[in-house]
Amino acid sequence: MISNSAILPGVIRLVIKPDNRWKGFVPGQHVVLTIEHNGRLLSRTFTIASGIQQWEKQGIITLIIKQYEQGAFTPLLSDLKADDWLNLSQAFGEFTLPETTKPIVMVAGGSGITPFLSILDTDFSQQVHLIYYAKSGEHLGVNQLATLMQQRPNFSVDIVTRGPQTNLSEQLSKHDAEVVMVCGPSSMYIEAQAWCQKHKRHISAEHFSVLTASFKGESTNHSVSWNNKQFVLNSQETLLSQLTAKGESVTYGCGMGICHQCQCVKKSGVVRDIRSGNLSSNTQQLIQLCVSQVVSDLELEV
Ligand code: FES
């Protein structure tokens, strides 16, 4: 790491100089950041917020991270020193600039702006309009966006203060585009998806709160054996969120079904994959805790 600094209350910027084994990234991709705390390794996934030029010229990348007061990871980032050990995975992810010459509308919610800051700091020839929702005083990268708008005739931005209603459909109709890219809460994605379906437009999304999505059927409780302990867990939240809420030490990274760090062996029982709604078999198989809900009694092996 090179430095960390607060850019807004509760938002930190980390500047990292990866070693020469790091292979670079495509703007819009994520990395898994691992730090050591009290002898334990902790990992989370973050999107790179800086552009390709900074990486190519200076060999550094920037992460902009919202810190959660009660979080087990992000508050620790404020204490990192320049020479502290940290590990960076290779970059991964598919949420990158689509290969199209047609106009694009980008929709960001809160800290969902980070992939767009990276993508926009790269040469693009399409007409791009960004609609950026955040609470009052919590918009990030506003100066960068304003400079970009002055420099590029093919870029425009609406900075919108998020209220109870997003009026996103109205905004999308105003700036009609072939492709809509969305990074924000699930509610934002759902509204954009409905608009795209209606208007036959293509949507590309990274909706980071997908993982709090829950099965909307009747809630049932089931006995789950984990780490030689017994728990009663419900069918509406993910196994990961319930086990961590019960104070269990669970290894995980992205929380999105991407990195497989939360993988464990299900010896018996049925789980639902929250991304597809598909049910597993009742037999032994690998599952990802962050995208699984319990459907029957379960036996898990760590
Ligand atoms: S935490 Fe990354 S796949 Fe579950």
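**Group meeting: three domains and the cores of one model**

Let me begin with a distance: the centres of domain 2 and domain 3, taken over C-alpha atoms, are separated by 34 Å. I should say at once that this is a predicted model, and that everything I describe this morning is computed from it. The division of the protein gives domain 1, covering 3–88, domain 2, covering 104–207, and domain 3, covering 221–301.

As for the protein as a whole, it holds six helices and 18 strands, and its C-alpha atoms fill a box of roughly 60 × 50 × 35 Å along the principal axes. For 302 residues, a compact globule would be expected to have a radius of gyration near 19 Å, and the protein has 20 Å, which agrees with that expectation. Of the 302 residues, 49% count as buried. If we take the contacts between residues at least 6 apart in sequence, 61% of them join residues that are at least 24 apart.

Let me turn to the open sheet of three strands, where the order is S1-S2-S5 and the pairing is antiparallel. Strand S1, residues 3–8, and strand S5, residues 61–66, stand at the edges with a single partner strand each, so one side of each has no neighbour in the sheet. From one strand to the next, the twist in this sheet averages 25 degrees. Strand S2, residues 11–16, is joined to S5 by six bridges, and the two run antiparallel; within that pairing, Ile-12 has Ile-65 as its bridge partner, while Arg-13 has Ile-64. Is S5, then, largely enclosed by the rest of the structure or largely open? Five of its six residues are buried, so S5 is largely enclosed.

Next, the nonpolar cores. The largest has 25 residues, and those with the most contacts inside it are Met-106, Ile-113, Phe-116, Leu-120, Leu-130, Leu-145 and Phe-155. The elements that give two or more residues to this core are strand S7 (104–109), helix H2 (114–120), strand S8 (128–134), helix H3 (142–151), strand S9 (155–161) and strand S10 (179–183). Where does this core lie with respect to domain 1 and domain 2? Both of these domains give residues to the core, so it lies between them. There is also a second, separate core of 24 residues, which includes Ile-12, Ile-52, Ile-65 and Phe-73; Ile-12 and Ile-65 are the bridge partners I mentioned a moment ago.

Phe-116 in the largest core deserves a pause. If we leave aside its neighbours within four places in sequence, Phe-116 is in contact with Phe-95, Met-106, Val-107, Ala-108, Leu-130, Met-181, Val-182 and Cys-183. Val-107, which is on that list, has Ile-131 in S8 as its bridge partner, and S7 and S8 pair in the parallel sense over six bridges.

S8 itself has seven of its seven residues buried, so it is largely enclosed by the rest of the structure. In a regular strand, the side chains alternate between the two faces of the sheet. Which residues of S8 are buried on each side? Val-128, Leu-130, Tyr-132 and Ala-134 are buried on one side, and His-129, Ile-131 and Tyr-133 on the other, so that both faces are covered.

Finally, there is an open sheet of five strands in the order S13-S12-S18-S14-S16, and here the pairing is mixed. Its edge strands are S13, residues 229–234, and S16, residues 285–288, each of which pairs on one side only. The twist in this sheet averages 40 degrees from one strand to the next. Strand S14, residues 263–268, runs antiparallel to strand S18, residues 298–301, and three bridges join the two, with Ser-268 standing opposite Glu-299 in S18.

My last residue is Glu-248, which is found in the loop between helix H6, residues 239–245, and S14. Is this glutamate buried or exposed? Glu-248 has a relative accessible area of 9%, so it counts as buried, the cut-off being under 20%. Leaving aside neighbours within four places in sequence, Glu-248 is in contact with Trp-226, Asn-227, Lys-229, Phe-231 and Leu-243.

Conventions
Residues are numbered from 1 along each chain as its sequence is written. This is a predicted model: local features need pLDDT of at least 70, side-chain atom pairs count only at pLDDT 80 or more; totals for chains, interfaces and linings use all residues. Side-chain values use heavy atoms; hydrogens and water are left out. Two strands pair if DSSP finds at least two bridges between them. Helices (H or I, at least four residues) and strands (E, at least two) are DSSP runs, numbered from the N terminus. Axes are lines fitted to C-alpha atoms, for helices over the stretch in contact, and angles run from 0 to 180 degrees between N-to-C directions. A nonpolar core is a set of buried Ala, Val, Leu, Ile, Met, Phe, Trp, Tyr and Cys residues joined through side-chain atoms within 4.5 Å. Buried means under 20% relative accessible area, exposed over 50%, partly exposed in between (1.4 Å probe, protein chains only). Domain bounds come from an automatic or database domain assignment. Contact means heavy atoms within 4.5 Å. The radius of gyration is taken over C-alpha atoms; the globule rule is 2.2 Å times the number of residues to the power 0.38.
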